[in-house]
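Reader: Hi! I'd like to get a feel for this one before I set anything up. Could you walk me through it?

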Amino acid sequence: MKNVHYSDYLQLDKILNAQQPESDLLQQPAHDEMLFIIIHQAYELWFKQVMYEVESVNAIMKQPELNDNSPELQTVVHRLQRSVTILKVLVHQIDIMETMTPMDFLDFRDMLRPASGFQSWQFKALEARLGLQFMQRHGQEYYTSQLRPEQVALIKQVESEQPLISLLNQWLERMPFLDQAPDWFADYSAVYRSSLSEKELANLQGFESVFGENTDSITSIPADHAATGNNSGSIRQLSPRACRAALFIMLYRGYPMLQQPFQLLNVLLEIDEQLSTWRYRHMNMVHRMIGTRVGTGGSTGKDYLKGAVDKHYIFREIAQLTSFLVERRRLPSLDKETEKRLGFLSHS
C-alpha cells in the first residue's frame, strides 16, 4: 500500500494556487478580491457536494420498490438532511462576504466583466436536478445565455432526466394505505369542510383542484387558485393521488411506519427554505453593494434576484398542503387493520 500524503490527497498545490486576482494581473491591487474569489470557489465546491448527494438520492428513488421502513429510505433522508446543512453554510458564507464594503468591491468590480455568479452552471443544474423546470424559471430568455456551449449542454442533459420531485411523485403514488383505507379521504374531506370559517370557504375550490378524486393525472393548476398556496400558475408536478398520500403522511406522521416518509417531505421543504433564504440574502447583499446598478454579467441585479426569490420554489406543492390540515382531535379514525400496518404490529 502506498503512503498517502495530506497535501497530495487534497491536491493542495492546485487548490491553493487557483486564486488569480484580476487586480494583481492589472497591477491595481484590490485587497478584498482574494476574499471574493475564495468565497465563490467554496460555493462551487459545496454545489458539487450537494449535487453529489441529490444524484445519489435520485438513484435510490428510481428503484421500482422502496420500503418505507428500510435503510434505503433512511439513507435518502440522511443525505438530504446533509444537503440542508450544507445550504445553511452557503447562507452563512454571506456573512463573510458582507465584511467587504461597497467601496472595497468597487476597487475591482469593473475588472470582472462579464464574469458573474449568474454563470454558475452548477447551481442551475442543481435546481434542475431537484425539479425546477425551464417553464418555472424567472428570466427564461437569458438564464443560459452567458454560459459556454458545453455548460449549456450539461444543463440540458440534467433537464432531460427525471428530477427528484418527479421521483417523489411516483413514490407517493405507490403508497398503499389510501387503497387499504378507501373511505378515509371522503371522511377527511367532510371534516375539512366543517373546519373552515366563513371567510375560508374559498379554500374548497383549491382543495378540489389539488386532491380531486376524478383524475389522477398531473395537470395545470390555474393561477387564480391562490388559496391553495400554489400561485405560480405553472404545471403541477404532484398528481392528486400523490397529494392525497402526502397529506395522509402529514396527518398521521405519529405512526411508526410514517415517520421516515414525513421526514422526507419535511427535509424537502427545508431545502426549498434554505435555497430561498440564500437567494434572499444574496439579493439584499447585491442591493447593499451596487444599489440599482446592473450586475457584472448584464442582469438587472437586485430585480432579477427578487424575481427568482419569488418564483423558484421547487417543492411548493408540498408546502401548500398545510392549507388543508385540521387539528389532530378532528382526524378521522383509521380502521384497526390500517393501524396495525402503520404501527408494525403483527396480524395475529
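Author: Happy to! This is a predicted model. Let's begin in the largest nonpolar core, which has 91 residues, and where Trp184, Phe248 and Leu264 touch the most other members.

Reader: Nice. Which helix gives the most to this core?

Author: Helix 14 does, with 14 residues.

Reader: And what is Trp184 in contact with, leaving aside its neighbours within four places in sequence?

Author: Its contacts are Leu178, Arg244, Leu247, Phe248, Leu251, Tyr252, Pro332 and Leu334. Phe248 also appears among the three core residues that touch the most other members.

Reader: Let me zoom out for a second. How many helices and strands are there in the chain?

Author: You'll find 17 helices and zero strands. As for burial, 46% of the 348 residues count as buried.

Reader: What share of the contacts between residues at least 6 apart in sequence join residues at least 24 apart?

Author: That share is 77%.

Reader: OK, on to single helices. How many residues of helix 7 are buried?

Author: Nine of its ten, which makes helix 7 mostly covered. The buried ones are Gln122, Phe123, Lys124, Ala125, Leu126, Glu127, Ala128, Arg129 and Leu130.

Reader: What covers them?

Author: The cover includes helix 4, helix 8 (149-160), helix 9 and helix 14. Just after helix 7 comes Gly131, with a positive phi of about 140°.

Reader: I spotted an arginine in that list. Why does Arg129 count as buried?

Author: Its relative accessibility is 10%, and buried means under 20%, so Arg129 makes the cut.

Reader: Which side chain does Arg129 join in a polar contact?

Author: That would be Glu55, at 3.1 Å between the two side chains. Not counting residues up to four places away in sequence, Arg129 touches Met51, Val54, Glu55, Asn58, Val158, Glu161, Pro163 and Leu164.

Reader: Where does Leu164 sit, and is it buried or exposed?

Author: Leu164 is in helix 9 and is buried. Ile165, Leu167, Leu168, Asn169, Trp171 and Leu172 are buried in helix 9 too. With seven of its ten residues buried, helix 9 (residues 164-173) is mostly covered.

Reader: And what covers the buried residues of helix 9?

Author: Quite a list: the cover includes helix 4 (33-61), helix 5 (71-97), helix 7 (121-130), helix 13 (240-251), helix 14 (256-290) and helix 16 (316-319).

Reader: Some of those buried positions in helix 9 are three or four places apart. Any textbook background on that?

Author: An α-helix has 3.6 residues a turn, so residues three or four places apart point the same way.

Reader: Good reminder. How far is Leu167 from Gln63, C-alpha to C-alpha?

Author: They are 9.4 Å apart in space, with their positions 104 residues apart in sequence. Gln63 lies in the loop between helix 4 and helix 5.

Reader: What does the side chain of Gln63 do there?

Author: A polar atom of the Gln63 side chain lies 3.0 Å from the backbone oxygen of Ile60. Gln63 also touches Glu72 and Arg174, not counting residues up to four places away in sequence. Gln63 counts as partly exposed because its relative accessibility is 26%.

Reader: Switching to pockets, what volume does the second largest pocket have?

Author: About 290 Å³. It is lined by 13 residues, and the closest to its centre are Leu66, Asn67, Asp68, Arg174 and Pro176. So Arg174 turns up again: it is also touched by Gln63.

Reader: How does the lining divide into nonpolar, polar and charged?

Author: Seven nonpolar, two polar and four charged.

Reader: Last topic: backbone oddities. Which residues other than glycine have a positive phi?

Author: Gln11 is one of them, with phi near 50°, and Gln27 is another, with phi near 55°. Gln11 is in the loop between helix 1 (6-10) and helix 2 (12-16), while Gln27 is in the loop between helix 3 (22-25) and helix 4.

Reader: Is Gln27 buried or exposed?

Author: Exposed, at 72% relative accessibility. Gln11, at 40%, is partly exposed.

Note on methods: Residues numbered from 1 in each chain as written. Predicted model: local features only at pLDDT ≥ 70, side-chain atom pairs only at ≥ 80, totals over all residues. Heavy atoms only, no water. Buried < 20%, exposed > 50% of the residue type's maximum accessible area, 1.4 Å probe, protein only. Helix = DSSP H or I, 4+ residues; strand = E, 2+ residues; numbered from the N terminus. Contact = heavy atoms within 4.5 Å. 1 Å grid on protein atoms, 1.4 Å probe; cavity = no way out; pocket = protein on both sides within 12 Å on 5 of 7 lines; lining within 4 Å. Points joined across faces, edges and corners; volume = space filled by probe spheres on them. Nonpolar A, V, L, I, M, F, W, Y, C, P; charged D, E, K, R; others polar. Polar contact = N/O pair within 3.5 Å; in protein donor to acceptor, adjacent residues only side chain to side chain. Core = buried A, V, L, I, M, F, W, Y, C linked by side-chain atoms within 4.5 Å.
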